[in-house]
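Let's walk through this one together, starting with a ring in the interior and finishing with a helix. Have the 3D view open as you read.

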Amino acid sequence: MKPLFRKRIVVSTLFLGLLVLGACSPAEQVASGQGNASEAGTKTLTLAHIHNDASPVYQSLEEFAEKVEEKTNGSVNIKIYAEGVLGGETKVMELVQNGVIDMTKVNGGVVSQFEQTFSVFSLPYVFRNDEHFRKFMETDTVKQMYKDLKDVQLRGVTYYDAGARSFYTGETKVETPEDLEGLKIRVMNNVTAIQMVEMLGAAPTPMSATEVYTSLQQGIIDGAESSPIALTDANHGEVAKQFSFDEHTRIPDFLIMSNASWNKLNKSEQQALIEAGEETTKTHNERWDQMIEASIDQAREEMGVEFSNPDQAPFRELVEPLLQDHRKENPAIDTLLKKIEAIQ
């Protein structure tokens, strides 16, 4: 049997096991004191994400689990399933929503599929810079957004900076929107991202992040959009030699919990999760800044990637109608954008 086939069997068996564990989900087992609780009464929460150990998010979630156990004196334990073994982000979010899995880390674009107000993070040029973005993410407005997810059986815990997303291509230097004309650009399967790329003149091509390397290599796509960390973390710098800091979006990652699982924790345990989230967000963001700089240096020096800093104004002008459309269609988005704009 080939190793890849064997791995798929193991993953499928693990996933099936989660679904058929007794007659109840992990969240229900926590509530009943069975399955997710040890003999000593420890509550075990399952946390699934797609990242490998080279990712700063992977490290942050490991730290989060350690801090939760420490802050609850061992009454809450978090069991992590990494590298997408329980499925992609949208699928895992559905499982969290239904209480099959307790927690997950997902991109903000995925959260917007469950609660529309989170689509504000996918809109282009909403934030002026990193400082502006992080100030907003610490406001009571965002904390209320976490709580309001209860309406769709979810609960936000914290965010992790995923950087500014910019365009990178195999060979084409993107200094103006005209340089994107006709290029096939990989985007997340997100309506807003698709519309944005279309308005900039390129051909949006939704696909999984795991397909980007080979698609660039084989010429299926001409480019993609992400932070510089993708160049080194996913080795995209081996097949993409031009990176343009147009910085069109800043879409954070979010740590999301099943609302049912949240309600099974006592007040002290809930507070421990919030504190662990806030502390790991701080260390994550510091680590992220360091990794961005390291990735740029590595991509430039070892992979031969050329970086450019285009004037962002022409890009902003072309996508401004997209923001105006969202303001008109959704008053809640308009309110959020006004709060973001008010931050100095």
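**Rings and a helix face**

Phe243 has a relative accessibility of just 1%, so this residue counts as buried, the cut-off being under 20%. Keep in mind that the model you are looking at is predicted. The ring of Phe243 is stacked with that of Tyr168, at 5.8 Å centre to centre and with 10° between the planes. Because Tyr168 belongs to strand β5 and Phe243 to strand β9, their pairing ties together parts that lie 75 residues apart in sequence. Tyr168 is buried too, at 2% relative accessible area.

Strand β9 also carries Phe245, which pairs with Phe307 of strand β11, 62 residues apart. These two rings are stacked as well, with 5.7 Å between centres and 20° between planes. Phe245 is buried at 15% relative accessible area, and Phe307 is buried at 15%.

How many aromatic pairs does the structure hold? There are 12. Ring pairs also join Phe118, Phe121, Phe127, Phe133, Phe136, Tyr146, Tyr159 and Phe254 into a cluster.

Now turn to helix α8, residues 191-199, where Thr192, Ala193, Met196 and Val197 are the buried residues. Viewed down the helix axis, they fall within an arc of 130°, so they line one face of α8. That fits a general rule: an α-helix has 3.6 residues a turn, so residues three or four places apart point the same way. The buried residues of α8 pack against β5, β6, β7, β9 and α13, and β5 and β9 are the strands that hold Tyr168 and Phe243.

Finally, look at the two ends of α8. At its start, a side-chain oxygen of Asn190 comes to within 2.8 Å of the backbone nitrogen of Thr192. After the helix comes Gly201, with a positive phi near 95°.

Note on methods:
Residues are numbered from 1 along each chain as its sequence is written. This is a predicted model: local features need pLDDT of at least 70, side-chain atom pairs count only at pLDDT 80 or more; totals for chains, interfaces and linings use all residues. Side-chain values use heavy atoms; hydrogens and water are left out. Buried means under 20% relative accessible area, exposed over 50%, partly exposed in between (1.4 Å probe, protein chains only). Helices (H or I, at least four residues) and strands (E, at least two) are DSSP runs, numbered from the N terminus. The arc is that of the directions from the helix axis to the C-beta atoms. Contact means heavy atoms within 4.5 Å. A polar contact is a pair of N or O atoms within 3.5 Å; within protein, one must be able to donate a hydrogen and the other to accept it, and residues adjacent in sequence count only if both atoms are side-chain atoms. Rings of Phe, Tyr and Trp (its six-membered ring) pair if their centres lie within 6.5 Å; planes under 30 degrees apart count as stacked, over 60 as edge-to-face and the rest as tilted.
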